[in-house]
Amino acid sequence: MTVLPLIFTSGLASGINAYAVVLLLGLLGRFAGAESVPHALERTDVLVAAAVLFLLEAVADKIPYVDTVWDAVHTVIRPIAGAVVGVLIASADPGSLSEVAAGAMGGTTALVTHLVKASLRMAVNTTPEPFSNIVVSLTEDLSVAGLVTLAIFHPWAAASISAVLLLAGLLLVWLAVSRIRAFRARRRERKAAKAASGAYAGRT
């Protein structure tokens, strides 16, 4: 089970920025001698493709509403990337974890994280200025870089931090949904009260 924390962390990071995960793992495996990185991710063509797609996401993810469209498109891509990376990590260390279980863990973690990210970014898009998108996007990129790097050298520490971040994200989404529902309920009450007072005034 030595690869389990790396699969979990890479899955979570893939839900935020799958291309950054592939690029960072490949670079760490190729130039830092990280033995836990699958050789498939170290290939030049994989690194070039991941770098180009990462640059595209780095731009799209910082533009309000464009990031929402980008997230919608990646609802399928990020979980698949998390699953594939999980399978590759497990296959590079035979006997540690079955490839099916690794793919399920990586894909599921990526999907949950992606839904949290997409929900929170939609909330950020309600602000009138664009700077919050840039700050949030940069924070996400730095978090992915830090978590993936830490996962290579201290996998259990990275997995623990990832779990805390995922729980915090789920809590923020729950709070945001609760506030939106409360706001809508208050708005319906105001409309009903205004309609009732208008009807009363009409009768008098």
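# Reading helix packing and burial in a predicted model

User: In which part of the structure does Y65 lie?

Analyst: Y65 lies in the loop between α2 and α3, the latter spanning residues 66-91. Please keep in mind that this is a predicted model. Phi of Y65 is near 75 degrees, a positive value in a residue other than glycine.

User: Is Y65 buried or exposed?

Analyst: Exposure is judged by relative accessible area, and a residue counts as exposed over 50%. The value for Y65 is 55%, so this residue is exposed.

User: How should I read the packing of two helices?

Analyst: Two packed helices are described by the angle between their axes and the distance between the axes. Consider α2 and α3: their axes come within 9 Å and cross at roughly 140 degrees. The two helices are therefore oblique to each other.

User: Which residues of α2 and α3 meet?

Analyst: From α2, the participants are L56, E57 and A60, and they meet V66, D67, W70, H74 and R78 of α3. By character, this contact divides into four nonpolar, one polar and three charged residues.

User: Is H74 of helix α3 buried or exposed, and which residues is it in contact with?

Analyst: H74, found in helix α3, has a relative accessibility of 3% and therefore counts as buried. Leaving aside neighbours within four places in sequence, H74 is in contact with Y19, E57, P79 and H114.

User: At what angle do α1 and α2 pack?

Analyst: Helix α1 (residues 4-31) and helix α2 (residues 44-60) pack at an angle of about 145 degrees, and their axes are 8 Å apart. The crossing is left-handed. On the α1 side, the contact includes I16, Y19, V22 and L27, while the α2 side includes V46, L47, L53 and F54. The residues of this contact divide into twelve nonpolar, three polar and two charged.

User: How do α4 and α5 cross?

Analyst: The axes of α4 (residues 99-124) and α5 (residues 131-153) come within 10 Å and cross at roughly 155 degrees. Angles over 145 count as roughly antiparallel, and α4 and α5 are therefore roughly antiparallel to each other. Their crossing is right-handed. K117, R121 and V124 of α4 make the contact with S132, N133, V136, S137 and E140 of α5. This contact divides into two nonpolar, three polar and three charged residues.

User: What should I look for in a nonpolar core?

Analyst: In soluble globular proteins, nonpolar side chains tend to be buried together. In this model, the largest nonpolar core has 31 residues, and those with the most contacts inside it are I7, L25, V144, V148 and I152. The elements giving two or more residues to this core are α1, α2, α3, α5 and α6 (155-203).

User: Which element gives the most to this core?

Analyst: That element is α1, with twelve residues.

User: Which residues does V148 touch?

Analyst: Not counting residues up to four places away in sequence, V148 touches A13, V21, L24, L25 and L28.

User: Where is L24 placed, and how accessible is it?

Analyst: L24 is in helix α1. With 21% relative accessibility, L24 counts as partly exposed, because the buried class is reserved for values under 20%. Apart from neighbours within four places in sequence, the contacts of L24 are V144, A145 and V148.

User: How far apart are L24 and L175 in sequence and in space?

Analyst: They are 151 residues apart in sequence and, C-alpha to C-alpha, 33 Å apart in space.

Technical notes:
Residues numbered from 1 in each chain as written. Predicted model: local features only at pLDDT ≥ 70, side-chain atom pairs only at ≥ 80, totals over all residues. Heavy atoms only, no water. Axes fitted to C-alpha atoms, helices over the stretch in contact; angles between N-to-C directions. Helix = DSSP H or I, 4+ residues; strand = E, 2+ residues; numbered from the N terminus. Parallel < 35°, antiparallel > 145°, perpendicular 65-115°, else oblique. Left-handed = near helix turned anticlockwise from the far one by under 90°. Contact = heavy atoms within 4.5 Å. Nonpolar A, V, L, I, M, F, W, Y, C, P; charged D, E, K, R; others polar. Buried < 20%, exposed > 50% of the residue type's maximum accessible area, 1.4 Å probe, protein only. Core = buried A, V, L, I, M, F, W, Y, C linked by side-chain atoms within 4.5 Å.
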